[in-house]
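Have the model open and the sequence to hand? Let's walk through it together, starting with the overall make-up and then following one helix and its neighbours.

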Amino acid sequence: MIDILKRTSKKERGIAAISVVFIIVQVWLELKIPDYMSEITTLLQTEGTTTQEIIHPGIWMIGLSLLSFLASIVVGFFAAKIAASLSTRLRDQIYSKIMHFSQSEIQQFSIPSLITRTTNDLTQIQLVVAMGLQVVIKGPITAVWAITKIANKNWQWTLTTAIAVLFLLIMLSTLLLLVQPKFTKVQNLTDKLNSITRENLSGIRVIRAYNAENIQSQKFEQANEILTTVNLFTNRMLAIMNPGMTIISSGLTLAVYWIGAYLIDAAQLDAKLVLFSDMVVFTSYAMQVVLGFMLMTIIFLILPRALVSAKRITEVLETNLSLVWPEQSVLTEKRGEIEFDHVSFGYDKSAVPVIQDISFKAKQGQTIAFIGSTGSGKSTLINLIPRFYDATSGGVKVDGQNVQAYAQDELNNRIGFIPQKPVLFSGTIRSNLDFGTSVGSPLSDNDLKQALTIAQAWDFVEAKSQKLDDPVAQGGSNFSGGQKQRLAIARVIARKPEILIFDDSFSALDYRTDKMLRDALDTHLRQTTKLIVAQRISTIMHADQIIVLDEGRMVGIGTHETLLATNDIYQEIAHSQLSKEELAHGK
Ligand SMILES: Nc1ncnc2c1ncn2[C@@H]1O[C@H](COP(=O)(O)OP(=O)(O)OP(=O)(O)O)[C@@H](O)[C@H]1O
C-alpha cells in the first residue's frame, strides 16, 4: 500500500494536507457542541431563564453543526478528488506497463487477472483512499480529543466508557480476524471467475457443438458459488458490526445515566444540577470517543482488501521486463539477412529446451521454410526473430546485428510477422491495412491495393460496396478465416518489410489461392526474404532451403529434392501428403 501511496502526486498530497486541516476544524466544531448543550441544560434547570437566553446557545449549536457539516462535505469532495486522480494515473501506469509486457509476462499473470487488476483491484484502492482520508485521520483525532475532554470528569463514568471501548475493540478485532483471510481469497476467486467466463465466451461455438453447455456451466457455477459463499460470509460478518456498535453505544449511554442517577441521588442539593449537566455533556463526549474508535476500525475493514489489491497492482507495476529494448539501434545496411547461431530456447528455463542448437542463414530474397510435426518448435523458433521471446543461448541476427541491439520500431520495420491466427481490429479495411506506423506511413490507396493484390485479397475487397472503407467488425468476425488471413498478409506486405515471416499463415487458404499467393510473392517481392512455417509440403516444396525440425532439433536442411532423397522425416511427411507423381513434378 505504501508503494501505491508513494505514487501520489505533490498536488494530491497538498490536497490531503488541506483536508487534514478541515478534519481538525470539523472535530473541533463537533466537540464544541456539547458545551452549548451543557449551557442549555443548566439554563433549563435555572429558575427565571427566558426563552431568549436559551435561543442564543441554541443558535450557536445549529451554526456549529452546519459548519461541521460543510467541513465534512469539503473533506469528502477532496478525498474523492484524490482517489479519482490517483486511480486514473495508476490505471494509465498499469496499462502502459502491460503494453510493454512480453508474451512470458502476459502468460505469467494471465489476461483475466490483468483485467481484474486494472479494474476491480483499482476500485478497492480508490475506495480506501476516498474513505481512508476521512476515517483514518478523523478517527484518532476525535477519539483522543474527546478523551481529553472527559479525562478529569467523574471516574465511574470514565471507567464505563473505557469498558465500552474495550468491548468495541474485542468485537471489531474478532470480526477482523475472521474476515481478513477471506478478502485475499475473494480477489483470487474473481480472477478465476473472469478466466472461466472468458474461456466460455471465446469457446462458445465449440461448447455448443459438443453439447458441453452443462459441463461448462457447472464449472462457472462452481466458481460462482465459491465466490458467493466467501462474499456472503464476509458480508454477514460485517452485518453484525452495525447492530453490535449500536448495542455498545446505547449500553454506554444507559450505563452513564444509570450511574448518574445514583450519583445525583447521593449528591447535595446544590451539586445535583451541576452533576446532571455534566452527565449530559459526558454522554455526548463518550459517544464521540466511541465514534472515534469506530472510525479507526472501519479502516481495518476496508484496508485488508485494499492491501491485497495494492499488492496485486504493485506486482504488475514492478515486474521486471524480460525484454529490454535499446532506445537507439546501431543501424546496419538493410540486406534482409537472418542468421541463427547455435540458438536454444525454453519457455521454462529449468526444463528441457523447446528448441535446441539451431543454426542456419537466410540471404536476401531467399525463401526458407520450416516443417516438422506439431509441437516440434517451428512457431517458437520464428517467434525469436521479432523478439516475442529472447533466445536462452546463442544469437539471432538480422542483417548481421543481434536482434537485441535493435530499437523496437526499427526491428518491427524490418520484419513483417504474420501470426498463425490473424488479428483484425474493428474499423475499416483501410484502418486495418494502414495500421500503426511504418517507414511508408501513411500508406496511399495504391500501396494498399498493391498489397491486397499480392495477398490475393483485392477480389473480395473490390466486391465490397465501400471497397477499402468497408467496415471490419471486432476481431474481423464479418470475414471468413481465409479472408482474414489474406487481409493480415496484405497488412504486412503494405509495410514493405525486408523480411516476411509467415507462421502457418496459409493454413486457411485453399490450394489454388495458396499457390497464387506464393507465385505473387515470388514475382512482386523478389528481394524480400521469406520465412514460411507450414504443414503442407506443397506450400514449401519450392523454397530455397527447407529446415526439418523434430522435437526442437534441426534434423535436416536442404532443398525439396535433397531432403526427399536423404531425410527420413521429410520423406515421411511428404509421402503422407502427396503422391509420387506430385512430389516428382511439384504442385
Ligand atoms: N507459451 C508457451 N509456454 C510454454 N510452452 C509452450 C508455449 N508455446 C509452445 N510451447 C511448447 O513448445 C513446444 C513447441 O511448440 P510450437 O508452438 O513452437 O510448435 P509448432 O511446431 O509450431 O507446432 P504447431 O505446428 O502445432 O503449431 C510444444 O511442446 C509446446 O507445448
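**A walk along helix H3**

The chain has 21 helices and 12 strands. Keep in mind that this is a predicted model. Of its 587 residues, 33% are buried. If you take the contacts in the chain with a separation of 6 or more, 79% of them are between residues 24 or more positions apart.

Next, the record. UniProt, in an unreviewed entry, puts the feature "transmembrane region" at residues 12–29, 59–80, 127–147, 159–179, 245–264 and 284–303. You can check a couple of these spans against the model. Residues 12–29 are 100% helix and 0% strand, and the C-alpha atoms at the two ends lie 26 Å apart. Residues 245–264 are also 100% helix and 0% strand, with 28 Å between the end C-alpha atoms.

Now pick out helix H3, residues 51–99, and look at what packs against it. Start with helix H2, which covers residues 10–45. The axes of H2 and H3 come within 8 Å and cross at roughly 160°. An angle over 145 degrees counts as roughly antiparallel, so that is how H2 runs relative to H3. The crossing of this pair is left-handed. Sorted by class, the contact of H2 with H3 has 25 nonpolar, seven polar and six charged residues.

Val75 gives you a residue-level view of H3. This valine is found in helix H3. Is Val75 buried or exposed? Val75 has 22 other C-beta atoms within 10 Å, and the cut-off for buried is 20 or more, so Val75 is buried. Leaving out its neighbours within four places in sequence, Val75 is in contact with Ser19, Phe22, Ile23, Gln26 and Gln134. Val20 is 55 residues away from Val75 along the chain, and their C-alpha atoms are separated by 8.1 Å.

Gln134 in that list leads to another partner, helix H6, residues 120–150. The axes of H3 and H6 come within 8 Å and cross at roughly 155°. H3 and H6 are therefore roughly antiparallel to each other. The crossing of H3 and H6 is right-handed. From H3, the residues that meet H6 include Val75, Gly76, Ala79, Ala80 and Leu90. On the H6 side, Leu122, Ile125, Val129, Leu133 and Gln134 are among them. By class, the contact of H3 with H6 comes out as 13 nonpolar, four polar and one charged residues.

Move along H3 to find helix H5, residues 111–118. H3 and H5 pack at an angle of about 160°, with their axes 10 Å apart. That angle makes H3 roughly antiparallel to H5. Arg91, Ile94, Tyr95 and Ile98 of H3 make the contact with Leu114, Arg117 and Thr118 of H5. By class, the contact of H3 with H5 has four nonpolar, one polar and two charged residues.

Ile94 deserves a stop of its own. This isoleucine is found in helix H3. With 19 other C-beta atoms within 10 Å, Ile94 is partly exposed, because buried takes 20 or more and exposed takes 12 or fewer. What does Ile94 touch, not counting residues up to four places away in sequence? Its contacts are Arg117, Thr118, Ile313, Val316 and Leu317. Thr314 is 220 residues from Ile94 in sequence, yet the two are 9.0 Å apart in space, C-alpha to C-alpha.

Finally, leave H3 and look at two loop residues for their backbone angles. Most residues other than glycine have a negative phi. Lys496, however, has a phi near 50°, a positive value in a residue other than glycine. You'll find Lys496 in the loop between helix H16 (481–494) and strand S9 (499–503). Lys496 is partly exposed, with 18 other C-beta atoms within 10 Å.

Glu551 also has a positive phi, about 45°, although it is not a glycine. Look for Glu551 in the loop between strand S11 (545–550) and strand S12 (553–558). Its count of other C-beta atoms within 10 Å is 14, so Glu551 is partly exposed.

Note on methods: Residues are numbered from 1 along each chain as its sequence is written. This is a predicted model: local features need pLDDT of at least 70, side-chain atom pairs count only at pLDDT 80 or more; totals for chains, interfaces and linings use all residues. Helices (H or I, at least four residues) and strands (E, at least two) are DSSP runs, numbered from the N terminus. Axes are lines fitted to C-alpha atoms, for helices over the stretch in contact, and angles run from 0 to 180 degrees between N-to-C directions. Angles under 35 degrees count as roughly parallel, over 145 as roughly antiparallel, 65 to 115 as roughly perpendicular and the rest as oblique. A crossing is left-handed if the near helix is turned anticlockwise from the far one by less than a right angle, and right-handed if clockwise. Two residues are in contact if their C-beta atoms, placed from the backbone, lie within 7 Å. Ala, Val, Leu, Ile, Met, Phe, Trp, Tyr, Cys and Pro count as nonpolar, Asp, Glu, Lys and Arg as charged, and the others, Gly among them, as polar. UniProt positions are given in the numbering used here, feature names are shortened, and annotations may be inferred rather than shown by experiment.
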